[in-house]
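Here's a quick walk through one fold, taking in a few strands, some charged pairs and a bit of empty space. Have the structure open while you read.

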Amino acid sequence: MFERLGDEYRRFAENVLAALQTKKGGQVLEIGPGPGWAGLCLLEKRPDLRLLGIDASPDMLRAARANAEAQGLGARCEYREGHAETLEGVEAGSVDLVISRDSLHHWDDPAKAFSAIRRVLAPTGGAFIADGRRDLSLGARLFVGTIGSITAGPMAKYWKSSLAAAYTPEELREFCALSASERPGREWRVKEGFLDLAAIGLPLHTAAACR
Ligand SMILES: C[S@@+](CC[C@H](N)C(=O)[O-])C[C@H]1O[C@@H](n2cnc3c(N)ncnc32)[C@H](O)[C@@H]1O
């Protein structure tokens, strides 16, 4: 099944691992895993990590559990119903890596969610929150309207509405700044791509080393 997945999940996992050094045996929290593929690709690349997935949809959680089992990764995953804004039941400071892909634009209160992420992260933990961007360049709009529509087929309209609901780099920086102000020291950066954005929260020691 992994072979048949679109490259975007594998690329997401590679980008996370390139951006953040997560400690061996670490605990990953995936927010809004949907059917789970992003986190499962990450676990495939890092056999030492464990994953907790929190999603608002029981149907999606069922799909994620089934996919994890089918990939032989069930023993390293747990999926629970919950919300990005509260991350209820996730212990403070217990997470080494928070990941999320294509979920942020659904969150009712992103500022509250970034605060919840700050709460659950261990001091040495990092975060990689990726989503589309609303402020597409002319080239990106042409891409989505033409090549994107052909490759995404009937899903193209959902893709376009997701992009329309997504945030701009400036808006994402504001969410990050709120989280950073609650715990000075953790540095947040916004990585800008052609169609997407990623808010990357670096642990204190890494942020200092990168300067
Ligand atoms: C577009 S899907 C993306 C799924 C997956 N991450 C992917 O990239 O394929 C968005 C997911 O976020 C979940 N979601 C939406 N709002 C949420 C919230 N406030 N807290 C947690 N999960 C949420 C939805 O149930 C859905 O599974």
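Glu-187 has its bridge partner in β7, and that partner is Leu-202. Keep in mind that this is a predicted model. The pairing belongs to a set of 6 bridges joining strand β6 (residues 187–192) to β7, and the two run antiparallel. Together β6 and β7 make a hairpin, with 3 residues between them.

β7 also pairs with β5: here too 6 bridges join the two strands, which run antiparallel. If you want a spot to click on, try Asp-131, whose bridge partner in β7 is Leu-197. How much of β7 (residues 196–202) is buried? Of its 7 residues, 6 are, so the strand is mostly covered.

**Charged pairs**

A search of the whole structure turns up 12 salt bridges. Three of them, including one for the Glu-187 we started with, go like this:

| Acidic residue | Basic residue | Closest N to O |
|---|---|---|
| Glu-187 | Arg-189 | 2.8 Å |
| Glu-192 | Arg-173 | 3.0 Å |
| Glu-170 | Arg-173 | 3.8 Å |

Arg-173 shows up with two of these partners, Glu-192 and Glu-170. The salt bridge between Glu-192 and Arg-173 links distant parts of the chain, with Glu-192 in strand β6, Arg-173 in helix α7 and their positions 19 residues apart. Glu-170 is another story: it sits 3 residues from Arg-173 in helix α7 (residues 169–182), so the two are separated by about one helical turn.

Are these side chains buried or exposed? Partly exposed is the call for each of the following. Glu-170 comes in at 48% relative accessibility, and Arg-173 at 37%. For Glu-192 the relative accessible area is 43%, while Arg-189 has a relative accessibility of 32%. Salt bridges with shared partners tie Arg-133, Asp-135, Glu-170, Arg-173 and Glu-192 into one network.

**Empty space**

How many cavities of 30 Å³ or more are there? The count comes to 1. The largest cavity holds about 50 Å³ of space. It is lined by 10 residues, and the closest to its centre are Leu-20, Gln-21, Thr-22, Gly-126 and Pro-203.

Which strand gives the most to that lining? It's β5, with 3 residues. Both β4 (95–101) and β5 (121–132) supply at least two lining residues each. Sorted by class, the lining has 6 polar, 3 nonpolar and 1 charged residues.

Terms used. Residues numbered from 1 in each chain as written. Predicted model: local features only at pLDDT ≥ 70, side-chain atom pairs only at ≥ 80, totals over all residues. Heavy atoms only, no water. 1 Å grid on protein atoms, 1.4 Å probe; cavity = no way out; pocket = protein on both sides within 12 Å on 5 of 7 lines; lining within 4 Å. Points joined across faces, edges and corners; volume = space filled by probe spheres on them. Helix = DSSP H or I, 4+ residues; strand = E, 2+ residues; numbered from the N terminus. Nonpolar A, V, L, I, M, F, W, Y, C, P; charged D, E, K, R; others polar. Buried < 20%, exposed > 50% of the residue type's maximum accessible area, 1.4 Å probe, protein only. Pairing = 2+ DSSP bridges. Salt bridge = Lys/Arg side-chain N within 4 Å of Asp/Glu carboxyl O.
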